[in-house]
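Got your viewer open and the selection box ready? Here is a walk through the model, one stop after another.

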Amino acid sequence: MNEFVPQRTAAYVNQNDLHIAELTARETLAFSARVQGVGTRYDLLAELSRREKEANIKPDPDIDIYMKAVTTGVQKANLITDYVLRILGLEVCADTIVGNAMLRGISGGQKKRLTTGEMLVGPVKALFMDEISTGLDSSTTFQIVNSLKQYVHILKGTAVISLLQPAPETYNLFDDIIVLSDSHIGYQGPREYVLEFFESMGFKCPERKGVADFLQEVTSWKDQEQYWADKDQPYRFVTSKEFSEAHRSFHVGRSLGEELATEFDKSKSHPAALTTKRYGVGKWELLKACLSREYLLMKRNSFYYTFKLSKLAVMAFITMTIFLRTEMHRDSVTDGGIYVGAMFYGIVTVMFNGLAEISVIVSRLPVFYKQRDNIFFPSWAYALPEWILKIPMSFAEVGVWVFLTYYVIGFDPYIERFFRQYLVLVLLNQMTSALFRFIAALGREPTVATTLAWLTLAILYSISGFVLSKDKIKKWWLWGFWISPMMYGQNAMVNNEFLGKRWRHILPDSTEPLGVEVLKSWGFFTQSHWYWIGVGALIGYTLLFNFGYILALMYLSPPGKHQAVISEEAQSNDQNGVRKFGSASGSTSSHTLPARGIVLPFQPHSITFDEVTYDVDMPQEMRKRGVVEDKLVILKGVSGAFRPGVLTALMGITGAGKTTLLDVLAGRKTGGYVGGNITISGYQKKQETFPRISGYCEQNDIHSPHVTVYESLLYSAWLRLSPDINTETKRLQMFIEEVMELVELKPLRHALVGLPGVNGLSTEQRKRLTIAVELVANPSIIFMDEPTSGLDARAAAIVMRTVRNTVDTGRTVVCTIHQPSIDIFESFDELLLMKQGGQQIYVGPLGQYSSNLISYFEGIQGVNKIKDGYNPATWMLEVTTSAKEIELGIDFADVYKNSEHYRRNKALVKELSSPAPGSVDLYFPSQYSTSFITQCIACLWKQHWSYWHNSQYTTVSFLYSTTVAILFGSMFWNLGSKIEKQKDLFNAMGSMYASVLLIGIQNAYAVQPSISVERIVFYRERAAGMYSALPYALAQVLIELPYVLVKAVVCSIISYAMIGFEWTVTKFFWYLFFLYFTFLYFTYYGMISVAVTPNLHISSMVSSGFNSLWNIFSGFIVPRPRIPVWWRWYSWANPISWSLYGLVASQYGDIKQSIESTDGSSTTVEDFVRSYFGFRHDFLWVVAAVIVAFPVVFALMFAISVKMLNFQRR
């Protein structure tokens, strides 16, 4: 392996679709093609030309031109990208963004094809492809595998593909088959001999059974017995290990063993067959490719950057009107302190403006890790563009701030000092951008990265010389002062200002210029060369952090265990197979499970829809390409009826409108225009009551990640079953147990659901949970969007058995389905087939062995007859493609409208659209199954377990607040009681200010990722009619109370004791009281910022804007009496200023001890606190009432936002 580069010679196509959401499909493939390069193709072309000349072969001119264009790289990216887009059927969505859970983009099936295409555009010869057909229809899968077969045969490549449910015709494309079960290879060799091998073991594949399905089931202990051929011999379970051992002695296994035993002759291989170069193109080309992609992403996210600049402009306007030059004097050291505050605030604003970038960087890391591991580019090529392209942004951001504030505040008017301040702030902005990038790459997960960032900022903030002056920094923290980049930036700023001409006058009773006195009083350096030391240090730190970012990208791996939960049964399958399952085989020999023991009462209902249409406003991209229509029609006059006890398949090629039809019928669409008539058992459908009788298994398996499987099911049943069933606890539990048994989830009952592709359940287990969550709701009508997508044949069979059993109880079930095997397809009773453009081309019964369907299509002139053993589902999709319509000169929608099937369907719709005699319309006394109180209890119960299992959020947040309390305690050690000078009081207040700001704001940021994930789950659960928005919001609010209390108590005890505040019960409890409610309103504020914004990135920006605003009006940077009268009202509306009021007034508002002022006079602590800050001890109870009101108001705002706003676009 050390003789070549394996990752460049072979490509791995991941099961998880990881792509940058803002790029289009074409851009994703073009970037992949550009960085993977020509590779070995040029060398191979030279060898091909030499052999052609030797053999006197003249190549086909067209092919020759194409090959040369592709291999020389001139048109390589465009040619290969277009070719792969065509092979994968992605042309229709080539210019559509990929999208994600909150950003509408291409479909799930199209994403899966894009993942495959990303590797196909490269020059590799060996492809390892993991479950590439998930979410694709069988026709598209056949097309892709067929293209891969041609690719492998013509270019002498190698492809190993794992498929879940390959149709027979797709299976027949393969040359070799590997059967893998329980870590053993049961068979490996030519496809022609696989059935012969299993027959030699005593197992036979039945007629009309797909060989691929047989191979997956014959090694399973639950399904093996049905294939036992020799009925005279007693059956016993044959383990995977026994198959593996038998294969070695089978003739195919023997020849394979001999081949592996013979050493490969390297002289037979061309040197270009193995890649020895680490990267496909030159380093400069890789950098240019990454630069152009980063620039494109910045343009796509222009709103984000515009918002950042706008936020800075607003903050600059507020700042300059607070520190207005008419209000800013130069008459005392105290006046100088206000200027120091203005500069400190400028530094903080410019620094914190980049904090929102952490969530953006972390969200792109999974894509980076995938591309890094496939050696698309080196880490530095990814990191440098992020740095280079942020430099102009730094100039713009700092320009907005400095140009607006500098002269209005009244800093030194000399132009050189203006540009010197500009330079310092640009370097500070660059330094913090690099720092946050480095922290994001270290944390690799939103909560961890954000917490790390805040911990770093807490240290930088506190020992930079403003919050705690240098002369009061303890000797064990002096190293922190000297290595703090913020200290160098701040010293450069104040040095630049206070050594200017405006500050050179000498006050009476003084011997030094006022500027120097101000610097000395704050502990800043007074020598002019410290400006350039600061500039040099900031440049050094910028380089250091960017270098650290590159190293972190290079050496760190993705966080979390990328593995699914393995059930206990699967683990013990191999060891105990014969003994344990041999005895149980009698009960599993049939394909149908016994009917459920507990059938809860329900009312069967039919659903009809007549001439249903759905269209949306024409997308902007299509308008740009010359489309003139105002509306894009997605469903065009669709009619049908779904009845109780009838299992209906809804099929069509990708993009035919299957999911859209289900969304429209279920009332899940949030936009667009719906037309037509929908009835439930003959009565007009009412969306308020429909969720009470229906269930919807969505294609995306959306669940709360931090609850167990059993908790998910109990929660769904609790909120969706009628109260009379819920009161019978034992019956409810038995019902849930039977549903778990039905979908085979019992071994996973205590497993956490987890996040897709990161941890927790596998795709297949998650799919079964989605179905179980709806089944426990006991619905009359169930819509299932691709219930077998992402499952192997055995798991799909389990799911379809469950679905069939559900239908047999008299329910109405409709499934969209992509790649059904013959077995699964023929388990359906009726079919509704759609074509591109949302039109029906067949509605009616399938008939035995799909006879009705086959006779209908074979009756159309020109349609090819179905071959023996061919899957009717695949054949049906192949003969009805757009290409076939053009070839035959017909429109299948028109053919259907003139058929007997159409007339029969219309008659059925008309019949079922009228209420049956004696029936009554659906009526429920309330909108939801359970009372408001029950909803609140259930939601709180779920949140309790969700928080309990979510140690990443709860533990990290607790550790952060405890660590910061210890850090501040050691920094401000024993300063609380030693109040002799004004500066001592400022330092003591600095400890309170830093605690409130840095622990509080981190609380707000830490809660955001958790709320963002749960919001997507909330949209699904609210649409299912589980609860109203208020109980959800209330539970989310209440669950934080105990967690925040624990944090506040621990922080209070540590910081109170270490800082040395006065030990009286009253003062300690006031301290705890104000800290608790401060942390609480910050947490609720973090929730609001997610609730009112469409995604996590924007919520981070919005909250950082308000944090900056609250900071400046807090009363620490500028005391309230010094704030201009036109802004003083906001100081009273600012929660942080009330927190500081309460903390300072409760500790120092009643102390009569004298302290020394900056001018040498003395006054009492009480008088100074009242005159300088405006804090009165006798006002404490009013402050307490206000500080309690803030969390209450924020909680109400969160509830209202959750209720009123919906950012999900469907």
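Start with helix H41 (residues 951-971) and H42, which pack at an angle of about 170° with their axes 11 Å apart. Keep in mind as you click around that this is a predicted model. Angles over 145 degrees count as roughly antiparallel, so H41 and H42 are roughly antiparallel to each other. Look at how they pass: the crossing of H41 with H42 is right-handed.

Now show side chains at this contact. From H41, pick Tyr 953, Ser 957, Tyr 960, Ser 961, Val 964 and Phe 968. Across from them in H42 you'll find Ser 991, Ala 994, Ser 995, Leu 998, Ile 999, Gln 1002, Asn 1003, Ala 1006 and Val 1007. Colour the contact of H41 with H42 by class and you get 9 nonpolar residues, 6 polar ones and no charged ones.

**Stay on H42, swap the partner**

Keep H42 (residues 982-1023) selected and add helix H20 (residues 446-462). What angle do H20 and H42 make, and how far apart are their axes? The angle is about 170° and the axes are 9 Å apart. H20 and H42 are therefore roughly antiparallel to each other, and H20 passes H42 in a right-handed crossing.

For the side chains, select Pro 446, Thr 447, Thr 450, Thr 451, Trp 454, Leu 457, Ala 458, Tyr 461 and Ser 462 on the H20 side. They meet Tyr 993, Ala 994, Leu 997, Leu 998, Ile 1001, Gln 1002, Tyr 1005, Ala 1006 and Pro 1009 in H42. By class, the contact of H20 with H42 comes out as 13 nonpolar, 5 polar and no charged residues.

Ala 994 is worth a label: it meets H20 and is also part of the H42 side of the contact with H41. You can say the same of Leu 998, which turns up in the contact with H20 and in the one with H41.

**On to H44 and H45**

Next, select helix H44 (residues 1065-1091) and helix H45 (residues 1096-1112), whose axes come within 8 Å and cross at roughly 135°. Are H44 and H45 roughly antiparallel or oblique to each other? They are oblique, because the roughly antiparallel class needs an angle over 145 degrees. The crossing of H44 and H45 is right-handed.

Phe 1082, Tyr 1085, Ser 1089 and Val 1090 make the H44 side of the contact, while H45 brings Ser 1099, Val 1102, Ser 1103, Phe 1106, Asn 1107 and Trp 1110. The class split for the contact of H44 with H45 is 6 nonpolar, 4 polar and no charged.

**A four-strand sheet**

Time to leave the helix pairs. Switch to cartoon and find the open sheet of 4 strands, in the order S7-S6-S9-S10 with antiparallel pairing. Its edge strands are S7 and strand S10 (683-684), each of which pairs on one side only. Helix H39 (residues 900-912) packs on this sheet and touches S6, S7 and S9; the direction of H39 makes about 75° with that of S7.

Go through the pairings strand by strand:

- Strand S6 (residues 607-617) pairs with strand S7 (residues 631-642) over 8 antiparallel bridges; click Ile 607 and you'll see Phe 642 of S7 opposite.
- S6 also pairs with strand S9 (residues 673-680), antiparallel, over 7 bridges; here Thr 608 stands opposite Thr 679 in S9.
- S9 and S10 pair in the antiparallel sense over 2 bridges, with Tyr 683 in S10 as the bridge partner of Ile 680.

**A three-strand sheet**

Now jump to the open sheet of 3 strands, ordered S1-S2-S3 with parallel pairing. Strand S1 (10-13) and strand S3 (158-162) are the edges, each pairing on one side only. From one strand to the next the twist averages 10°. Helix H6 (residues 108-120) packs on the sheet, touching S1 and S2, and the direction of H6 makes about 170° with that of S1.

Zoom in on strand S2 (residues 126-130), joined to S3 by 5 bridges and running parallel with S3. Phe 128 has Val 160 in S3 as its bridge partner.

**Last stop: a salt bridge**

The structure holds 44 salt bridges. To see one of them, select Glu 294 and Arg 364, whose side chains meet at 3.8 Å, N to O. Glu 294 sits in helix H13 (residues 283-300) and Arg 364 in helix H16 (residues 357-373), so the pair ties together parts that are 70 residues apart in sequence.

Definitions and conventions:
Residues numbered from 1 in each chain as written. Predicted model: local features only at pLDDT ≥ 70, side-chain atom pairs only at ≥ 80, totals over all residues. Heavy atoms only, no water. Pairing = 2+ DSSP bridges. Axes fitted to C-alpha atoms, helices over the stretch in contact; angles between N-to-C directions. Contact = heavy atoms within 4.5 Å. Parallel < 35°, antiparallel > 145°, perpendicular 65-115°, else oblique. Left-handed = near helix turned anticlockwise from the far one by under 90°. Nonpolar A, V, L, I, M, F, W, Y, C, P; charged D, E, K, R; others polar. Salt bridge = Lys/Arg side-chain N within 4 Å of Asp/Glu carboxyl O.
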